[in-house]
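Visitor: Could you take me through one part of this protein in close detail? I would like to look at the aromatic residues and what surrounds them.

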Amino acid sequence: MRNSLTLLLLVFLSGCAGTGYNDWTEKEQAKYKYFLALQTVDTLQTYEGLKCTSDKPLTECLEEVNPLYGKSPSGEKIVGLKLLSNLLIYAALRAEPDVLSRETTLNVMNMGIAVVIINNQIVINRAF
């Protein structure tokens, strides 16, 4: 699993090398890097939070609530779906913005994933 997470991080960072990214402002680039870091934290929390230790009965284990993952996804599924979703997000961000600026979109996305991370940690703290 550690290799999968390392690969995920490398792929996220390699997205920064595309021609579209180089045309972004420094603020947009920084906010996108924050977004990738937050996505990595979310992925790690999901993986660690769903691990069920042998000393806990199955009824006390955490379950994933995202229907795309299923209740008990494998580490590979978590990483694969996160990778796919982030590649799609990057592709959307490379397009010229129609409604919101790229910077505003990144602000909203960063706030949203921060809320998800906070909620994940609250659930993990209650369970463990």
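Guide: Gladly. Tyr21, Trp24, Tyr32, Phe35 and Tyr90 form one aromatic cluster. Before going on, please note that this is a predicted model, where local features need pLDDT of at least 70, side-chain atom pairs count only at pLDDT 80 or more, and totals for chains, interfaces and linings use all residues. Residues are numbered from 1 along each chain as its sequence is written, and side-chain values use heavy atoms, with hydrogens and water left out.

Let us start with the rings. A pair of aromatic rings is described by the distance of the centres and the angle of the planes. Here, rings of Phe, Tyr and Trp (its six-membered ring) pair if their centres lie within 6.5 Å; planes under 30 degrees apart count as stacked, over 60 as edge-to-face and the rest as tilted. The whole structure holds six aromatic pairs. In one of them, the ring centres of Trp24 and Tyr32 are 5.4 Å apart and the planes stand at 85°, so this pair is edge-to-face. Both Trp24 and Tyr32 are buried, a word that means under 20% relative accessible area, with exposed over 50% and partly exposed in between (1.4 Å probe, protein chains only). Tyr32 also pairs with Tyr90: the centres are 5.5 Å apart and the planes are at 40°, so that pair is tilted. Because Tyr32 lies in helix α3 and Tyr90 in helix α4, the pair ties together parts that are 58 residues apart in sequence. Helices (H or I, at least four residues) and strands (E, at least two) are DSSP runs, numbered from the N terminus. Tyr32 has 3% relative accessibility, and Tyr90 has 9%.

Now step back to the core around these rings. In the largest nonpolar core, Tyr21, Trp24, Tyr32, Phe35 and Tyr90 are joined by Leu36, Leu93, Leu106, Ile113 and Ile117, which makes ten residues. The elements giving two or more residues to this core are α3 (26-50), α4 (75-94) and α5 (102-127). A nonpolar core is a set of buried Ala, Val, Leu, Ile, Met, Phe, Trp, Tyr and Cys residues joined through side-chain atoms within 4.5 Å.

One core member deserves its own visit. Ile117 lies in helix α5 and is buried, with a relative accessible area of 12%. Leaving aside neighbours within four places in sequence, Ile117 is in contact (heavy atoms within 4.5 Å) with Leu38, Val41, Asp42 and Gln45. Ile117 and Leu38 are 79 residues apart along the chain, yet their C-alpha atoms are separated by 7.8 Å.

Asp42 leads us on to the largest pocket, since Asp42, Thr46, Glu64, Asn66 and Asn120 are the closest to its centre of the 24 lining residues. The lining divides into twelve nonpolar, eight polar and four charged residues, and α3, α4 and α5 each supply at least two of them. Thr46 has a further link to follow: Gly75 is 29 residues from Thr46 in sequence and 9.0 Å away in space, C-alpha to C-alpha. Gly75 lies in helix α4 and is buried, with a relative accessible area of 9%.

Finally, the whole chain. It has five helices and zero strands, and buried residues make up 34% of its 128 residues.

Notes. 1 Å grid on protein atoms, 1.4 Å probe; cavity = no way out; pocket = protein on both sides within 12 Å on 5 of 7 lines; lining within 4 Å. Nonpolar A, V, L, I, M, F, W, Y, C, P; charged D, E, K, R; others polar.
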